[in-house]
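Student: I'm new to this one and would like to learn how to read it. Could you walk me through it, feature by feature?

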Amino acid sequence: MDVHDTAATGAARCPMYDDSFAADPQKVYDYLRAHGPAGPVELAPGVDATLVVGHETALRVLQNPNLFARDGRRWTALNDGRVPLDSPVLPMMAYRPNCLFTDGAQHLRLRKAVTESLDRLNVTRIRRDVEPIAAYLIDQFSERGRADLINDYAKLLPMLMINKLFGCPASIGDRVTSAMADMFDGKDALKASDELTACFMELVSLKRREPGDDITSWLVQHPAGLSDEELKDQLVMLIGAGVEPERNLIANALLLLLDRDGEDGPSMQIEDALDHVLLNNPPIANYATHFPLQDVDLGGVVVQANSPLVISFAGANSDPALASSGQAHSRGAHLAWGAGPHACPAKSPAQVIAVTAIELILNALPDLVLSVPAQELQWRPGPFHRALATLPVQFSPTPATRMASAYGVPTAPRPTVVQQPQQAARVPAPAPASQKPAKKGFWSSFLEIFRV
């Protein structure tokens, strides 16, 4: 494990952004825990923080907003210019006026609008929305007999589902999907963030004029009376909470279910697989950045005021103290959903989406197996997530007719391969860019099939 030198006593500072951490994060958690319930880490080059790996200490921080604030404007190193402004972790840590980064009365007002809007969803509605999206995606690769369940399924399904739940029309939804993919893949994150902002401002304006049966409209109509800027920032937060964690929850559970050599075997129920992942391999492993209002002693580890304090949900879940108390395998013991006033408000919808998505693909492709041994799979580097880079699988090829048989919609025509004559053919000049039709994205293609 590569560590950076710190003081002569205590743990050395551990980097959390390299391939070594991605391959075996538990090694870092165990190392830090050997020195105390929290320890020094480097989230990205030049971005230092303290990582909480003790379960009891994590709860102390999460449940004590009077001492541990979420407002990133308190971050001393950032305010002093000691944090690179192009750092890839900055969008996940810097202040936004949404209920994730606010405290007190402002947080209560914003969270009430978010939770009451999410509460209008129900299991039947969510399953109804997931099913055609899953069928559409499976139809894209089922005839090949092979797929990458990250890029072909687990990554796309949450993004398309967000478009559906938020009521995005085709013109906005394609841009949202593209920008979200670029942001999470690290492709010009600042440009992607600007594009998301523009998309959501357009969406808010649209829903003020033409409200629908969707989360955006419910937020717009909520008695809290959120401004356009506030609405945009709640949407950004909900997108972040609904895409990357959901993608990893689906993928990590599928890996567990498909790893036939795993300790739990092939008969594990989907709900049990999700619980296992949330405890042992949570999709967001380290997050919930707090800023102590004063210097604070965490079990012998002193954390300076207004410095970032990150909760390791994965580290806290694996705390031996949790096992010794007999709680390690309790469904309520893990911290994957957070705790306290900032606990995840979308726990129920997220679980229903994951269960439905996994159930549908396992039923559609019953002989689905991993293409490579589980131990050879690569994990995507990053301090916050626990995310597979790919999940290659194989199965018996099946006709791409799920959309047609289940929903009565026509299947998309397959391109015809035309044999070219041997002699050179005259190639017409390409049409000017202004005359070329815009390439359809997944969302507009999906909407076109359903004629909605």
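Tutor: We'll go from the overall picture to the sheets, then to a helix and some rings. Keep in mind that this is a predicted model.

Student: Okay. How many helices and strands does the protein have?

Tutor: There are 19 helices and 11 strands. The chain has 452 residues, and 52% of them count as buried. The accessible surface comes to about 20,900 Å², with 53% of that belonging to carbon and sulfur atoms.

Student: And what about contacts between residues at least 6 apart in sequence?

Tutor: Of those contacts, 70% join residues at least 24 apart.

Student: Let's do sheets. How do I read one?

Tutor: Start with the general idea: strands in a sheet pair through backbone hydrogen bonds, and the pairing is either parallel or antiparallel. Here, one open sheet is built from 6 strands in the order β1-β2-β3-β9-β6-β4, with mixed pairing.

Student: Which strands stand at the edges of that sheet?

Tutor: Those are β1 (14-15) and β4. Each has a single partner strand, so one side of each is left without a neighbour in the sheet.

Student: Which helix packs on the sheet?

Tutor: Helix α3, residues 55-62, does that. It touches β3 (47-52), β4, β6 and β9 (309-312), and its direction makes about 130 degrees with that of β9.

Student: Can we walk across the sheet? How many bridges join β2 to β3?

Tutor: Strand β2 (residues 38-44) is joined to β3 by 6 bridges, and the two run antiparallel. Look for Ala 38, which stands opposite Val 52 in β3. The hairpin of these strands has 2 residues between them, and Gly 46 takes a positive phi there, near 85 degrees.

Student: What comes after β3 in the order?

Tutor: Next in the order is β9. β3 and β9 pair in the parallel sense, over 3 bridges, and Leu 51 stands opposite Val 310 in β9. As for cover, 5 of the 6 residues of β3 are buried.

Student: In which sense do β6 and β9 pair, parallel or antiparallel?

Tutor: Antiparallel, over 3 bridges. To find the place, look for Tyr 287, which stands opposite Ile 311 in β9.

Student: And how many bridges do β4 and β6 have?

Tutor: They have 2, in the antiparallel sense. Phe 68 has Pro 292 of β6 as its bridge partner, while Ala 69 has Phe 291.

Student: How many residues of β6 are buried?

Tutor: 7 of its 7 residues are buried, so β6 is mostly covered.

Student: What is the order of the open sheet of 3 strands?

Tutor: The order is β5-β11-β10, with antiparallel pairing. Its edge strands, β5 (146-148) and β10 (369-370), each pair on one side only. Between β5 and strand β11 (residues 392-394) there are 3 bridges, and in one of the pairings Asp 148 has Pro 392 as its bridge partner.

Student: How would I read burial in a helix?

Tutor: Count its buried residues, then ask what that says about its surroundings. In helix α9 (residues 156-165), 9 of the 10 residues are buried, so it is largely enclosed by the rest of the structure. Among the buried ones are Leu 156, Pro 158, Met 161 and Asn 163. Just after α9, Gly 167 takes a positive phi of about 70 degrees.

Student: Now the rings. How do I describe two of them together?

Tutor: An aromatic pair is described by the distance of the ring centres and the angle of the planes. This structure holds 4 aromatic pairs. In one of them, Trp 75 and Phe 291 are 6.0 Å apart, centre to centre, with 40 degrees between the planes, which makes the pair tilted.

Student: Where do the two rings of that pair sit along the chain?

Tutor: Trp 75 is in the loop between β4 (68-69) and α4 (76-79), and Phe 291 is in strand β6 (residues 286-292). They are 216 residues apart, so this pair links distant parts of the chain.

Student: Are they buried or exposed?

Tutor: Trp 75 is buried, with a relative accessible area of 1%, and Phe 291 is buried too, at 0%.

Student: Which charged residue sits over the ring of Trp 379?

Tutor: The charged end of Arg 386 does, 3.8 Å from the ring centre. Elsewhere, Arg 73 lies over the face of Tyr 95, at 3.8 Å from the centre of that ring.

Note on methods: Residues are numbered from 1 along each chain as its sequence is written. This is a predicted model: local features need pLDDT of at least 70, side-chain atom pairs count only at pLDDT 80 or more; totals for chains, interfaces and linings use all residues. Side-chain values use heavy atoms; hydrogens and water are left out. Rings of Phe, Tyr and Trp (its six-membered ring) pair if their centres lie within 6.5 Å; planes under 30 degrees apart count as stacked, over 60 as edge-to-face and the rest as tilted. Helices (H or I, at least four residues) and strands (E, at least two) are DSSP runs, numbered from the N terminus. Buried means under 20% relative accessible area, exposed over 50%, partly exposed in between (1.4 Å probe, protein chains only). A charge sits over a ring if NZ of Lys or CZ of Arg is within 6 Å of the ring centre and within 35 degrees of the ring normal. Two strands pair if DSSP finds at least two bridges between them. Contact means heavy atoms within 4.5 Å. Axes are lines fitted to C-alpha atoms, for helices over the stretch in contact, and angles run from 0 to 180 degrees between N-to-C directions. Accessible areas come from the Shrake-Rupley method with a 1.4 Å probe; for residues, only the protein chains shown count as cover.
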